[in-house]
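Colleague: Could you walk me through this model before I go back to the bench? I'd like to hear the reasoning behind each answer.

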Amino acid sequence: MKKYLLLIFTILLPILTFAEDKGLDEKINDAFMPVATWWENFILTTIPIGSYNIPFVVLLLVVGATFFTFYFKFPSITKFGLAINTVRGKYDEIEGGHTSGDSELAIDGDIRDTIRDESQEGEVSHFQALATAVSGTVGLGNIAGVAVAIALGGPGATFWMVVCGLIGMSTKFVECTLGVKYRDVGEDGTIYGGPMYYLSKGLKERGFSGIGKVLAGLFAILCVGASFGGGNAFQSNQATVQIKSMLGLEGGSIGFVIGIILAVLVGIVIIGGIKRIASITEKIVPFMAGIYVIASLIIIFANISYIGDAFRLIFEGAFTPMAGLGGLVGVLIVGFQRAAFSNEAGAGSAAIAHSAVKTKYPASEGVVALLEPFIDTVVICTMTALVIIFFNIDGSNMQSVFNYGGDGFSNVVLNSDGSSIGGVDLTSMAFDSVIPGFSYILTIAIVLFAFSTMISWSYYGLQSWKYLFGKGKTADTVYKILFLIFIVIGAAATLDAVIKFSDAMILALVFPNMIGLFFLFPKVREEMTKYVKAIKAGVK
């Protein structure tokens with residue numbers, strides 16, 4: 001540990017002397033902004049539908065999720081109970097209990113009572129896989145992302161976030177089932193899974209080997225980029241904003257300095273191999289998430305008299321948006337973009353984490369995974385939205401603190417002093433208005449959420465990097481260095497630049513992933529039938 005502390009001190013000492021230099025953060029942002037803007041414009045290319053121009057990727061996301069919802073008969077409702085029972089281990093025994101030998105209940109050619117050893121493929125339980133995936137999504141997307149959605153789209157964006165979360169449960173069910181079905185197991189038992197594998201192996205089964213390889217390679221490249229953006233730069237940016245705000249730090253290079261500190265800390269985990277920090281974070285983050293949810297509930301109950309007004313604003317804003325918000329389709333797109341960023345349904349990234357589960361029934365993890373968008377978007381994002389809406393409610397005019405719509409991409413203008421804030425700052429102010437001093441606790445939570453999400457996404461990105469460049473140590477080190485560089489870029493750049501890049505990177509994953517899902521969804525139905533049959537057999 002001493003050598004790592006010495007390394008941190010050696011790196012930071014010369015850097016801290018430049019913390020007050022004007023323009024270092026601005027220079028990084030000026031270099032990054034054109035790249036982020038170009039990439040956003042490219043990924044969010046629109047197609048005209050009637051009088052509206054709708055981003056094709058959002059249309060693909062919505063159409064795909066809606067199709068899977070109807071095809072699988074609303075699994076968000078019909079499979080919800082099954083998902084809860086699977087997570088709590090009610091059906092674990094079907095992997096190797098006694099059976100009558102009914103060949104129809106065979107799994108990949110084996111009778112159930114002969115596959116106990118094989119069923120141990122995997123590294124984590126259903127609950128651990130869900131917790132790992134949720135830890136990569138529950139965080140700043142729920143805290144800062146919701147604020148961005150409301151700043152740009154008003155309360156109505158909340159409605160469309162929830163809708164996207166509900167239908168996104170179906171997409172998550174499909175992609176995570178496929179993630180387990182087509183995963184690779186290394187000689188040492190290490191699991192390698194995710195869209196890269198079900199795109200290449202699954203499409204090869206369907207006779208589209210060439211297309212599968214191309215889509216798998218494209219996904220891996222984009223997933224590496226997404227790990228740099230949404231899984232990294234956005235996290236460091238919002239953590240930096242909150243640290244600067246809480247400590248009153250100023251200076252043209254302070255974002256750069258904080259980014260270096262965050263990069264060193266993350267680097268100790270992902271390069272130095274110190275697992276203790278990661279294990280401590282793994283325990284603290286769920287605790288901080290619990291505190292965040294409890295604080296949200298306190299504010300909701302403290303403003304319970306306004307709950308009707310809040311939901312009226314959400315529903316009215318969803319279908320009759322206020323002037324300046326881009327119309328109904330504009331609010332819908334904002335809601336879906338923020339939900340996609342928050343729960344990643346359709347992006348396929350969570351399938352990488354869920355692939356490591358210990359199970360012989362791929363559909364068992366598919367039903368577990370559909371809980372993720374519900375927890376992340378339907379519950380926690382709605383709580384955050386209500387906190388911000390309550391903050392802005394005045395019994396007389398409903399707009400006491402700021403005007404919905406924002407002054408730019410992600411900020412709102414405070415009516416009291418005309419200053420512009422957005423993202424995590426807006427959420428922090430909303431909590432502080434009811435629980436004075438909570439911003440300090442929120443800062444700790446944000447840093448921990450950012451830290452855990454960056455570590456989780458470094459795993460996602462590294463898995464994709466390994467798919468592209470092999471499992472060599474040198475290749476791994478190159479990826480990790482690039483990952484750390486983007487922590488610094490995210491901390492130094494503005495929220496506008498970072499969220500443009502991050503949004504586009506996460507959404508870009510939808511293209512290869514959804515194309516693959518449209519080819520492979522019948523396999524999911526087959527796996528679901530096997531799992532349901534096994535449960536109905538009543539193995540004890």
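Modeller: Here come some questions and answers on the contacts and helices of this predicted model.

Colleague: Let's begin with salt bridges. How many salt bridges does the count come to?

Modeller: The rule wants a side-chain nitrogen of Lys or Arg within 4 Å of a carboxyl oxygen of Asp or Glu. Go by that, and the count is seven salt bridges.

Colleague: Take glutamate 205 and lysine 523. How many residues apart in sequence are the parts that this pair ties together?

Modeller: The two side chains meet in a salt bridge, 3.5 Å from N to O. Glutamate 205 has 49% relative accessibility, so it counts as partly exposed. Glutamate 205 belongs to helix H9 (residues 195-205) and lysine 523 to helix H22 (residues 510-536), so the parts tied together are apart in sequence by 318 residues.

Colleague: And glutamate 316 with arginine 312, which helix are they in?

Modeller: Their side chains form a salt bridge at 3.2 Å, N to O. Glutamate 316 is partly exposed at 39% relative accessible area, and arginine 312 is partly exposed at 34%. Being four residues apart, they are separated by about one helical turn, and the helix is H13 (residues 307-319).

Colleague: Are lysine 466 and aspartate 476 buried or exposed?

Modeller: These side chains also meet in a salt bridge, with 2.8 Å from N to O. Lysine 466 is in helix H19 and aspartate 476 in helix H20, so the pair ties together parts 10 residues apart in sequence. For the label, the cut-off for buried is under 20% relative accessible area. Lysine 466 and aspartate 476 are both buried.

Colleague: Which residues do salt bridges with shared partners join into one network?

Modeller: Here the salt bridges have partners in common, and that is what makes a network. The members are Lys181, Glu527 and Lys530.

Colleague: Lysine 181 again, then. Which ring does the charged end of lysine 181 sit over?

Modeller: To qualify, NZ of Lys has to be within 6 Å of the ring centre and within 35 degrees of the ring normal. The charged end of lysine 181 is 5.5 Å from the centre of its ring, and that ring belongs to tyrosine 182.

Colleague: How far apart in space are tyrosine 361 and lysine 181?

Modeller: Tyrosine 361 sits in the loop between helix H15 (350-354) and helix H16 (362-369). Tyrosine 361 is buried, with 2% relative accessible area. In sequence, tyrosine 361 and lysine 181 are 180 residues apart, yet C-alpha to C-alpha they are apart in space by 8.0 Å.

Colleague: What separates the C-alpha atoms of isoleucine 167 and proline 373?

Modeller: Isoleucine 167 is part of helix H8 (residues 156-181). Its relative accessible area is 15%, so isoleucine 167 is buried. Along the chain the two residues are 206 residues apart, while their C-alpha atoms are separated by 9.0 Å.

Colleague: On to aromatics. What kind of aromatic pair do tryptophan 457 and tyrosine 460 form?

Modeller: The structure holds 32 aromatic pairs. In this one, the rings of tryptophan 457 and tyrosine 460 are 5.1 Å apart centre to centre with 75° between the planes, and over 60 degrees is the cut-off, so the pair is edge-to-face.

Colleague: Where do tryptophan 457 and tyrosine 460 lie?

Modeller: Tryptophan 457 is buried at 1% relative accessible area, and tyrosine 460 is buried at 1% too. They are three residues apart, about one turn, and both lie in helix H19 (residues 438-469).

Colleague: Is helix H11 largely enclosed or not, and why?

Modeller: Helix H11 (residues 254-270) has 17 residues and reaches 24 Å from its first C-alpha to its last, close to the 24 Å expected. Of those 17 residues, 14 are buried, so the rest of the structure leaves H11 largely enclosed.

Colleague: Last one, about the surface. What accessible area does the nonpolar patch with isoleucine 481 have together?

Modeller: Isoleucine 481 is in helix H20 (residues 473-492). With 44% relative accessibility, isoleucine 481 counts as partly exposed. Ile271, Val478, Ile481, Leu482 and Ile485 form the patch, and together their accessible area is about 390 Å².

Methods. Residues numbered from 1 in each chain as written. Predicted model: local features only at pLDDT ≥ 70, side-chain atom pairs only at ≥ 80, totals over all residues. Heavy atoms only, no water. Patch = residues over 30% accessible without salt bridge, like charges linked within 9 Å, V, L, I, M, F, W, Y side chains within 5 Å. Areas by Shrake-Rupley, 256 points an atom, 1.4 Å probe, with all protein chains shown as cover. Helix = DSSP H or I, 4+ residues; strand = E, 2+ residues; numbered from the N terminus. Buried < 20%, exposed > 50% of the residue type's maximum accessible area, 1.4 Å probe, protein only. Phe/Tyr/Trp six-rings, centres within 6.5 Å; stacked < 30°, edge-to-face > 60°. Expected span 1.5 Å × (residues − 1).
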